[in-house]
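Trainee: Could we go through this model together? I'd like to know why each label is used.

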Protein chains: 2
Amino acid sequence: MIFLLLAVELVINLFDLKKVTILDIAKELNITFSTVARALNDHPAISAATKQSVRETAERLGYRPNKVASSLRSGKTKIIGILVPRLDVSFFSSVVHGVEGVMNENGYTILLYQSQESLKQENKGIETFLRSRVDGIIASISLETEVAGSYAEIRDRNIPLAFFDRVPPELNVPSVTIDDYRGGFMATEHLIASGYRRIVHINQYRNINIFNERLRGYLDALERYGIPVDERLIIRGDFSLEFGRQCVRDLLAEGIDFDAVFTLEDFTAMGVVQELKASGKRIPEEVGVVGFANEAFTSLVSPTISTVDQRTVEMGEEIARLFLKLLKKGDYYKHKPEKLVLEPKLLIRESSSRRHFPPSSGR
Amino acid sequence: MIFLLLAVELVINLFDLKKVTILDIAKELNITFSTVARALNDHPAISAATKQSVRETAERLGYRPNKVASSLRSGKTKIIGILVPRLDVSFFSSVVHGVEGVMNENGYTILLYQSQESLKQENKGIETFLRSRVDGIIASISLETEVAGSYAEIRDRNIPLAFFDRVPPELNVPSVTIDDYRGGFMATEHLIASGYRRIVHINQYRNINIFNERLRGYLDALERYGIPVDERLIIRGDFSLEFGRQCVRDLLAEGIDFDAVFTLEDFTAMGVVQELKASGKRIPEEVGVVGFANEAFTSLVSPTISTVDQRTVEMGEEIARLFLKLLKKGDYYKHKPEKLVLEPKLLIRESSSRRHFPPSSGR
DNA sequence: CTGAAAGCGCTAACAG
DNA sequence: CTGTTAGCGCTTTCAG
């Protein structure tokens, strides 16, 4: 008989495993479910004994608090939406890695969405986040996003919003970026200091703020050291390894004189290096190269490629921390938005390590 | 007067923007909220006219369906939990990229959790997913997970669960993996075919199935071609670039004869290449090298490194598709679990491209 | 074709 | 210290 009862209970348990609620715990202990709720939430006005027994039976019955229900009631989901262009780009996956780590320590979970660099997908992502009632949104805009349409609505709904790296221009919201201007300046200054004078800059054709800033840094560094700007040395295209190769081929074919190349990002720099090597140019003796992003391969290829590190994981951690501060305040849009700008790190490697010319000495 | 009314309405709208419900739409149209609900869900028994007007006022009022409420009621969240060791490893971020893409197309959103290779974090992630009432879980286990404890509970609760790449040994659940045995075999066979005979294999010390399989492939290839196994050529450690260098230093210091190295993964192979170059060994003439994973840098360094491609994005897409099939069935654990095994791709590059010795010709 | 009503599992105000 | 009660916003029967 006792065996039969046990067996029945076991079956019931297995069957109902996924629907154990605080009411079930309450019934077991002959108390009301609100007491159970309070005990589980460690409410101060509950006796230690009650808390203990509640926790035990919760454990025994395999109770899992239903976040959906508590979210509906409390209006807080403890979920943060993260919208990135794409996760198979190491820059973004590193940042998300950093964000998730910090958010997770603070009890938040990450809802992930990729815009695939498309404006339409981006808006779909925001719509999804809004419907999911996320407690906040962290985003980096797609290349297509020139005007931040859907983001305005997030602010109107008073949902915390912050950006990293790619920030929409007109929107006045918190953000974490690196100082792309400084990055461009440092890279160019370093090339000048190493004695290079005819410095090519490969940028891209879209009107993206961070990319324009790198260009501006390049231009200002030239000006600062009295080097004339030659428009033929400023090339715009769509960044890729192949485009880097193409640029070098074109420069050589057109007989344009140059002794260094500073590229928008590392894959382009890699293409430049490959094509220079193929053309018998010595790096860094004849041509210096500096990339941008500190992709893993830049320290492994030969010559190792000088580049500008964007401090990706830190960026993720900082945006998460900034965000947690935001969440504590009630009115996110009443305060002046905090804009954190990280200093990039210039990594000087073989591709630009020529003998030193002090910048002040001029030509 | 009319101006005042408009102003008041505007203020109210802005203020209530985030709390527009189906009830508000219903009031506007003098119908009941259940009609509104049906209209929004495109229920067949609602007139086209009603649907039209409901949709228009929904749009006008800035209505956003509350997924939290519908999830609570329907018991479905349309959210899939993804648990990966860490997102700053390109393998995992690529897979997640693939998964998100397919899931997103099918109306699911991704809740992301990183175990950071820790068993404790892994269990926290599962707990979070359970509490969030995700509709399913896709995971790749941490290196610490030798026994799949928490995963069993997921199955007991009849929540769809599937693994990719790192699959817990005892659990009989659906999975997508690549054929690591084949990968190990192909890499070794290729080295043998290229005339290498004293082939070192660098593996690692933990008892991880996929890594053991690569070793098994290595051993079987040797046996198949009648090459004796030399235990001194099988090295175990913790994989890293530095460990690869260390292994080569040790081999050379101990005067162990070898002419090729097949490593568990690419960073170790990179270390091997670096140290071989530093020791003046010619690659591939004196020593051949093959890695595993097809990291971006392997095709960019010199010599380019032969490796085994794991088809990461495909793996993500396949696991997502397999999962969608699972979700359609009611009883996920009644059927025999589908285990998809992808064929790895051997990529022969410079580091192992020596003159060809037909495998059958022997030594 | 539309309305009425119940309830998903929890939080929190109010009452003892 | 514990119980009562009223929803959160939606889905889904059951009636018309």
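Mentor: Sure, starting at the DNA: H3 (33-40) and H5 of chain A, plus helix H3 (33-40) and helix H5 (67-74) of chain B, each give at least two residues to the surface near DNA strand C. This is a predicted model, in which local features need pLDDT of at least 70 and side-chain atom pairs pLDDT 80 or more, while totals for chains, interfaces and linings use all residues; side-chain values use heavy atoms, without hydrogens and water. Residues are numbered from 1 along each chain as its sequence is written, with chains lettered from A and ligands numbered from 1 in written order.

Trainee: What makes a stretch a helix here?

Mentor: It has to be a DSSP run of H or I with at least four residues, while a strand is a run of E with at least two, both numbered from the N terminus.

Trainee: Which residues are closest to DNA strand C?

Mentor: Those are A:Tyr63, A:Arg73, B:Thr35, B:Arg38 and B:Arg73, out of 25 that surround it. "Near" means that a heavy atom of the residue lies within 4 Å. Sugar and phosphate make up 57% of the DNA strand C atoms that come within 4 Å of the protein.

Trainee: Why is the pairing of B:Thr32 with the DNA called a polar contact?

Mentor: The cut-off is a pair of N or O atoms within 3.5 Å (within protein, one must be able to donate a hydrogen and the other to accept it, and sequence neighbours count only if both atoms are side-chain atoms). A side-chain N or O atom of B:Thr32 is 2.9 Å from a phosphate oxygen of DNA strand C, so the pair qualifies. A:Asn66 has a backbone N or O atom 3.2 Å from a phosphate oxygen, and the side chain of B:Arg73 comes 3.3 Å from a base nitrogen; both are inside the limit too.

Trainee: And why is A:Glu153 with B:Arg64 called a salt bridge?

Mentor: The rule wants a side-chain nitrogen of Lys or Arg within 4 Å of a carboxyl oxygen of Asp or Glu. In this pair the closest N and O atoms are 2.4 Å apart, so the label fits. Chain A and chain B share 4 salt bridges.

Trainee: How do you know that S2(A) pairs with the strand S2 of chain B?

Mentor: DSSP must find at least two bridges between two strands. Here 3 bridges join S2(A) to residues 109-114 of chain B, running antiparallel, so they pair. A:Leu111 has B:Leu111 as its bridge partner.
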